[in-house]
Amino acid sequence: MKIAVLGHGTVGSGVCEILWNKNSEVSSAAGKPVELGYVLDIKELENVPYSEKYTKDFSAILSDPEVGTVAECIGGLEPAYSYIKSALENGKNAVTSNKELVAEKGAELLSIARAHNVNFLFEASVGGGIPLIRPLYSAMNAAGITEIAGILNGTTNYILTKMFRFGTGYSEALSDAQKLGYAERDPSADVLGWDSCRKIAILSSLVWGKTLKPSEIPTEGIDKISADDVKTAEQCGFSIKLLARAKQLSDGKIFAKVSPALVKNDSPLATVNDVFNAVLIKAETTGEVLFYGKGAGKMPTASSVIADIIEAEKTDGNIKSVFWEDGAQSAAAEKDSVSERYFIRTDYDVSALLLKAEKVSDLAYITNPLNDSEISVLEEKINEHGKLLSKIPVFE
Ligand code: HSE
């Protein structure tokens with residue numbers, strides 16, 4: 001079968017290289033001959049051995065009956081959404097590395113794939129090169145997953161590591177992450193937490209079977225974390241990581257949140273540095289399971305797209321366990337349904353305002369568990385006489 005690769009950027013070019021250079025390995029894993037059939041991009045291909053595969057005409061791909069799978073690596077909602085929808089409606093599998101598309105349109109595209117007995121797969125959309133999505137819908141499908149917590153953005157983890165372990169400036173660390181092909185075209189999606197938000201929305205929707213929309217997930221990035229936060233947290237035995245978390249509450253609703261969080265130094269998540277991602281899954285039958293690997297970059301991410309191409313080509317028909325519903329009711333938990341402890345730093349002594357808080361350093365405290373409203377009230381009270389400098393949840 002022919003594979004059509006849409007988009008010849010960082011990830012798309014990696015997918016083409018693997019299909020071109022490791023054609024026999026890919027074919028043998030798929031159990032049938034698989035070859036690079038088309039490469040669609042707005043720019044012509046330069047200096048690549050597969051330049052004759054170039055097209056800018058998507059209809060040529062759609063009308064070729066030998067194209068079995070379309071691999072979308074363009075990013076963003078359009079034209080990626082229209083291309084994938086048409087491919088599925090025309091009986092072709094679609095695979096993608098595009099987290100924005102999967103988080104926003106996943107339920108609809110999965111339902112179209114099911115109706116046309118083909119597959120819509122997205123291993124590369126979360127965790128870069130870590131095999132994560134497939135174990136979740138296959139090996140752990142009946143494990144009774146209750147909680148997911150992960151470092152899901154390579155760029156911000158790289159920046160945090162460089163800034164706080166090696167003293168690199170923010171702009172230099174970001175610019176290195178861009179040069180290494182880790183950052184989004186608009187890196188504010190990384191830094192402000194939106195990329196992690198889309199990824200936890202995808203994991204949550206897949207694991208619990210109902211769409212959790214990115215807009216329903218409270219999201220904060222790393223832009224407010226200071227060197228003083230990191231230094232004080234470290235003195236108290238914690239690292240600060242940008243965490244994406246989701247957990248199913250007893251009423252079936254999902255509590256999800258993206259924010260910097262204090263992680264105890266003995267947690268496996270505390271030792272995840274540079275571009276690495278890690279996802280900790282808690283399940284009834286297995287207990288804790290940890291996935292770890294490179295979360296961004298050309299070849300790790302391309303490797304996950306190739307894994308989906310192989311899966312799609314070797315599977316006869318639609319994989320039923322890759323699915324979630326677009327429910328009429330929101331899957332998100334109500335505000336204030338979860339309480340957690342916060343690390344707070346202030347510019348004056350606030351011991352008198354705090355009930356059962358632990359003073360962990362000069363003008364730094366870990367509160368008792370507080371819900372959203374309670375931490376807001378505390379913040380207001382502290383700001384009446386001075387300033388709350390930081391409030392960072394503690395991951396437990
Ligand atoms: N910008 C993303 C990251 C790319 O840094 O994790 C991989 O999804």
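Which residues surround the ligand? The model is a predicted one, and the tour begins by selecting the ligand together with K99, N153, G154, T155, Y182, A183, E184, D190, D195, K199, G295 and A296, which surround the ligand. Coloured by class, this shell shows 3 nonpolar, 4 polar and 5 charged residues. Switching to the cartoon, select helix 7 (154-166) and helix 10 (194-208), each of which supplies at least two residues of the shell around the ligand.

Next, show the side chains of E184, D190 and N153 as sticks and follow their polar atoms towards the ligand. For E184, a polar side-chain atom lies 2.6 Å from a nitrogen atom of the ligand, and for D190 a polar side-chain atom is found 2.7 Å from a nitrogen atom of the ligand. At N153 the partner is an oxygen atom of the ligand, with a polar side-chain atom of N153 at 3.5 Å from that oxygen. On its own the ligand has 260 Å² of accessible area, and the protein covers 93% of that area. With a surface displayed, the space that the ligand takes can be inspected as the largest pocket.

Leaving the ligand, turn to the aromatic rings, for which the count comes to 6 aromatic pairs. One of them can be viewed by selecting F276 and Y292, whose ring centres are 5.0 Å apart and whose planes stand at 5°, an angle under 30 degrees, so the pair is stacked. Now add the strands to the view: F276 belongs to strand 10 (residues 276-283) and Y292 to strand 11 (residues 287-294), so that this pair, 16 residues apart, links distant parts of the chain.

The last two stops concern the backbone. Select E78 and P79, which are joined by a cis peptide bond with omega of about 5°; P79 itself is placed in the loop between strand 4 (67-72) and helix 4 (80-89). Then move to N117, which has a positive phi of about 55° although N117 is not a glycine, and which is found in the loop between helix 5 (99-115) and strand 6 (120-121).

Note on methods:
Residues are numbered from 1 along each chain as its sequence is written. This is a predicted model: local features need pLDDT of at least 70, side-chain atom pairs count only at pLDDT 80 or more; totals for chains, interfaces and linings use all residues. Side-chain values use heavy atoms; hydrogens and water are left out. A residue is near a molecule or strand if one of its heavy atoms lies within 4 Å of it. A polar contact is a pair of N or O atoms within 3.5 Å; within protein, one must be able to donate a hydrogen and the other to accept it, and residues adjacent in sequence count only if both atoms are side-chain atoms. Accessible areas come from the Shrake-Rupley method with a 1.4 Å probe; for residues, only the protein chains shown count as cover. On a 1 Å grid over the protein atoms alone, a cavity is a set of points where a 1.4 Å probe fits but cannot get out, and a pocket is an open set with protein on both sides within 12 Å along at least five of seven lines; lining residues have an atom within 4 Å of a point. A molecule sits in a cavity or pocket if more than half of its atoms lie within 2 Å of its grid points. Helices (H or I, at least four residues) and strands (E, at least two) are DSSP runs, numbered from the N terminus. Ala, Val, Leu, Ile, Met, Phe, Trp, Tyr, Cys and Pro count as nonpolar, Asp, Glu, Lys and Arg as charged, and the others, Gly among them, as polar. Rings of Phe, Tyr and Trp (its six-membered ring) pair if their centres lie within 6.5 Å; planes under 30 degrees apart count as stacked, over 60 as edge-to-face and the rest as tilted.
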